[in-house]
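Hi,

Here is the structure I promised to pass on. Have a look at it first, and then read my notes below.

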Amino acid sequence: MGILDIVPSGVITGDNVRKLFEYAKEHKFAIPAINVTSSSTANAALEAARDIKSPIILQVSQGGSAYFAGKGLANDKQQASITGAIAAAHHIRTVSKAYGIPVVLHSDHCAEKLLPWFDGMLEADEAYYKVHQEPLFSSHMLDLSEEPKERNIATCVKYFKRMAPLGIWLEMEIGITGGEEDGVDNTGVDNSSLYTQPEEVYDVHTALSAISPNFSIAAAFGNVHGVYKPGNVKLHPELLAKHQAFARGKTGGKVEQPLFLVFHGGSGSTKEEIQTAVNNGVVKMNVDTDTQFAYLIGIRDFVLKRKDYLLSQVGNPEGSDKPNKKFYDPRVWVREGEKTLSERVKVACQDLGNVNRL
């Protein structure tokens, strides 16, 4: 039995998201979450998942959402980020069924200062629900890890009470992911903040499970956004086993791994670190830095190889009157970036065991 025997193709919501993550946890694999900033990057990720017969998670960040709408738009009140996130969601919903794979449509880190963006997406979910009886997005993330634990959890509870009736999955973060991404800079945080304690994770589980089972926790185990020199980042995914054991003991031990866990800062991680995380109940791993570079590789290599065909509209090594349109047409060189991005997404899926799962 494969995933398509459990959930449909296209964007999934509600209990289908939980069914997908339960299947992943049971079969010891996880699904990469690819940050997308355009229809081009979204399509490339969908293409990769289709080719290797796997589900995929596509997610938009606050900055990526603004880019999707257009960098020429004002964003002083998060209006461009709201518009872009909604536009991305509608595009992904429109094309994803054609790829024949289940897709989790997610929004990435939302710090307290970005809550107006979150509110705008949630209003769009509610409007979509009134017409279609399901939300626009599959899931959203609240990242209030910089706030005191009590405030973090209380805010998540407030929003989850609004999200759960719509069938929206909640991802939250407790403990801080280091490094810098999309304007959120945690490069100077105390090292102890990069490692979440089992009691903290269980406090989240207790508060949210009273509302709905449809949530996941990004518990820090030394995670850092970006790619760094080997040895500079100390990941300890084995700590996730302690979170599962603590929660299992508190809940009566009926489920071996009661927590749905998330791996942030997956770019640059070793295969061993990834496998340990998956074995300990990670069902989603964020990949952004590596896929950004992968997208560049195809475009960079094309430009370098075809440089003499890109200096003018007419005239190249084949003749002064030879046209160059077939080289400078964006559909040509952008497609090269899509190809290399797609290949990197396949690698992420392979590392996570997310191959031939349909």
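R151 counts as partly exposed, because its relative accessibility is 44%, and the cut-offs for that class are 20% and 50%. Keep in mind that this is a predicted model. R151 forms a salt bridge with E112, and their closest N and O atoms are 2.9 Å apart. This pair links distant parts of the chain: R151 belongs to helix α6, while E112 sits in the loop between β4 (102-107) and α5 (115-132), 39 residues apart. E112 is partly exposed too, at a relative accessible area of 26%.

How many salt bridges does a search of the whole structure find? It finds 19. Here are a few to click on.

K284 and E171 meet through their side chains in a salt bridge, at 2.9 Å from N to O. Again the pair links distant parts of the chain, with K284 in strand β11 (residues 282-287), E171 in strand β6, and the two positions 113 residues apart. Are these two buried or exposed? Both K284 and E171 are buried. Elsewhere, salt bridges with shared partners join R50, D51, E343 and K346 into one network.

D15 and R18 make a more local pair to look at: they are three residues apart in helix α1, about one turn of the helix. Their salt bridge has its closest N and O atoms 2.9 Å apart. D15 is partly exposed, with a relative accessible area of 41%. R18, at 18%, counts as buried, because buried means under 20%.

While you're at helix α6, find R162, which lies in that helix (residues 149-163). R162 counts as partly exposed, with 32% relative accessibility. Which residues does R162 touch, not counting those up to four places away in sequence? They are L122, E123 and E126. As for D301, 139 residues from R162 along the chain, the C-alpha atoms of the two are separated by 47 Å.

Now for the rings. A pair of aromatic rings is described by the distance of the centres and the angle of the planes. The structure holds nine aromatic pairs. One of them is F21 with W169, an edge-to-face pair at 5.1 Å centre to centre, with 70° between the planes. Why does this pair tie together parts that are 148 residues apart in sequence? F21 lies in helix α1 (residues 15-26) and W169 in strand β6 (residues 169-174), so the pair brings those two parts together. F21 is buried, with a relative accessible area of 3%, and W169 is buried as well, at 2%.

Y23 and F29 form an edge-to-face pair too, at 6.1 Å centre to centre and with 70° between the planes. Y23 and F29 are both buried.

Go back to F21 and W169 for a moment: ring pairs link them with F260 into a cluster. F260 also has a charged residue to look for, as K25 lies over the face of its ring, 3.9 Å from the ring centre. You'll find a similar arrangement at Y309, where R306 lies over the ring face at 5.7 Å from the ring centre.

If you'd like a place to start, try the cluster of F21, W169 and F260, then go to K25 over the face of F260. After that, have a look at the network of R50, D51, E343 and K346.

Cheers

Technical notes:
Residues numbered from 1 in each chain as written. Predicted model: local features only at pLDDT ≥ 70, side-chain atom pairs only at ≥ 80, totals over all residues. Heavy atoms only, no water. Phe/Tyr/Trp six-rings, centres within 6.5 Å; stacked < 30°, edge-to-face > 60°. Helix = DSSP H or I, 4+ residues; strand = E, 2+ residues; numbered from the N terminus. Buried < 20%, exposed > 50% of the residue type's maximum accessible area, 1.4 Å probe, protein only. Lys NZ or Arg CZ within 6 Å of the ring centre and 35° of its normal. Contact = heavy atoms within 4.5 Å. Salt bridge = Lys/Arg side-chain N within 4 Å of Asp/Glu carboxyl O.
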